Amino acid sequence: MGFDVEKVRAQYPALADGRAWLDGAAGTQVPESVIEAISDAYRAGLSNVGGPYESSCRSSGIVAEARAAVADLVGAPDPACVAFGPSMTSLTYRFAGVLALGWNPGDEIVVTDLDHDANVRPWVQLAQRAGATVRTAEIDPATGELPVDNVVGLIGDRTKLVAVTAASNLLGVMPDLKPITDRAREVGALSYVDGVQHCPHAHVRIADLGADLYATSAYKWAGPHLAAVVAADPWVLENLHPDKLAPSPESSPERFELGTNPFAPMAGAVAAVEHLAGLDGDATGSRAERLATSRAAVVAHEEQLAGRLFAGLAELGGVQRHGTPQGPTTPTAFFTVQGKTPAEVSAALSERGLNVSAGHSYAWELVHALGVGPQGGVRVSLSHYSTADEVDRLLAALREISA
C-alpha cells in the first residue's frame, strides 16, 4: 500500500473544495481524525487538572498523551522534556526571558539572517536589556543558503546562545545544523533551534541535530492551533527557573507552561501525530517506528513534487526564484513576478483556485538580505497532501500571469 496521496487527501475535509492549498508553511489543513479528537474532548467534558473526578482525570490524561506523542514525533528522550504553549513565538519569548537572566554585558548571542523573526527578535530584545552583544550570521544572497562557517565563525568563548532555524520558512533552506550545535556546546553555549518548518518535512531526531531546545507548532503538521512545543534535553529544563505564580507547579515541564493548558487542542495534537504515523499504509510497529516509516515516505513524495516545482519555475520567463540552494530544502519556493507586486500575483492565483502566500512571512531579516524588501514575494509551500496536478495547475497559472 505505501504512501497513497489520494487516500491521504480523502481524510481532509477542507481539500474537498477543489482549490489547491499550496500554503502549508502558513499552516496545514487538518484531517477528520484531528477534528473529531478535539470535538470528542469537548463533548466528553473537560475540567482543570488536579481533581479526583472523571473530567479532570481526562484532562490530565490528554496532557500526558500529548507530551508522549510529541516526544515520539521529535525524538525527545522523555515526555517530560516537552513543554507546551499557545505558539512558537510565545514559547520563545518565555524561554528567552529565563535564559537572559544569566546574560551579562560582554556576553554574546548569535542569530541568523535565515530565521523567522520569532527566532531573532526575542533574543535581540533580551540581549539588549542585558547589555549582551548580538552577532548575526549572514546568508549567501545568491543561493539563500546559510554557510556553516558564517555561523560557527561567530561562536566564541563569550557566546551564551545560538538561535538558528532547521528550515527556512521562506526559502525552504535546511542548514547543516550539527557543526553549529556542536560548536555551541564546545564553548558552553545553548542552541535554540526553530523547527516549525522543519518538523513537517523531516523525520526529526533532536539528538541528531544537536539541539538543546527545539521548537515546533502542531498547526504546521496537520494539527490544531494553540499547541506549540519546545522539546529540550532534561538537564536544560531542570536548570531553568522561569518566573511563575507562587502556587503553580515547581516541576518541569509544568513550570514553563503559563496558566491552564488547552486540553482539546492537545487532544488534537495527539491525533495529528497518530495521523502522521499512519501516512504510509505499510507502516508497522510502535508509534515511533511507524513515524519513521511514514516520514520517509512523505519526504520522498515531497522531494518529487519539489523537483517538479523548481524545474517548472526555472522555465518561466518573468519569474525570478529567490534562493536556489544546492543542499536539502523543504518543498518551498519564494519568487517574484516581473511587473507585478506579490499581492497582485497572490490575488490572481486565488482567482484561479490556488492558495499561496505573499509578503515577507515574518522572515524580516531574510527579505532584506535578499534585496526584495518588506513587500517580500510569493511563497509556494507544498505539503504531504499536495499533488503533481496541483503543481502543474500553479505553473500553468503563473505562465498566464507572467506573460
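**Group meeting: a pocket between two domains**

Okay, let's start with the largest pocket: its lining takes at least three residues from domain 1 (5-31 + 287-402) and at least three from domain 2 (35-274). Those domain bounds come from an automatic or database domain assignment. Before I go on, this is a predicted model, with local features needing pLDDT of at least 70 and side-chain atom pairs counting only at pLDDT 80 or more, while totals for chains, interfaces and linings use all residues. Residues are numbered from 1 along each chain as its sequence is written, and side-chain values use heavy atoms, with hydrogens and water left out.

So, back to that pocket. By pocket I mean an open set of points on a 1 Å grid over the protein atoms alone, where a 1.4 Å probe fits, with protein on both sides within 12 Å along at least five of seven lines; a lining residue has an atom within 4 Å of a point. The volume is about 470 Å³, counted as the space filled by probe spheres set on the points, with grid points joined across faces, edges and corners. Which residues lie nearest its centre? Thr-89, His-116, Ala-118, Tyr-219 and Lys-220, out of 26 in the lining. By type, the lining has 12 nonpolar, 10 polar and 4 charged residues. Here Ala, Val, Leu, Ile, Met, Phe, Trp, Tyr, Cys and Pro count as nonpolar, Asp, Glu, Lys and Arg as charged, and the others, Gly among them, as polar.

The second largest pocket comes in at about 390 Å³. It is lined by 19 residues, with Val-49, Pro-249, Glu-254, Glu-257 and Gly-259 closest to its centre. Helix α3 is the top contributor to that lining, giving 4 residues. The split here is 7 nonpolar, 6 polar and 6 charged.

Now the domains themselves. The centres of domain 1 and domain 2, over C-alpha atoms, are 25 Å apart. The contact between them (heavy atoms within 4.5 Å) uses 45 residues from domain 1 and 40 from domain 2.

On to the sheets. Helices (H or I, at least four residues) and strands (E, at least two) are DSSP runs numbered from the N terminus, and two strands pair if DSSP finds at least two bridges between them. One open sheet has 7 strands, in the order β2-β8-β7-β6-β5-β3-β4, and its pairing is mixed. At its edges sit β2 (82-85) and β4 (133-137), each pairing on one side only. Neighbouring strands there are turned by 20 degrees on average, direction ignored. Inside that order, β7 (213-217) and β8 (228-232) run antiparallel, joined by 5 bridges, and Thr-216 stands opposite Val-229 in β8. Helix α3 (54-74) packs on this sheet, touching β2, β7 and β8, at about 110 degrees to β2. Angles run from 0 to 180 degrees between N-to-C directions, with axes fitted to C-alpha atoms, for helices over the stretch in contact. Helix α7 (177-186) packs on it too, touching β5 (159-165) and β6 (190-194), at about 165 degrees to β5.

The other open sheet has 4 strands, β9-β10-β13-β12, with antiparallel pairing. Why is one side of β9 (319-321) and of β12 (357-359) left without a neighbour in the sheet? Because each stands at an edge with a single partner strand. Here neighbouring strands turn by 30 degrees on average, direction ignored. Strands β10 (332-337) and β13 (377-381) pair over 4 bridges, with Thr-332 opposite Ser-381. Finally, helix α11 (287-314) packs on this sheet, touching β9, β10 and β13, at about 15 degrees to β10.
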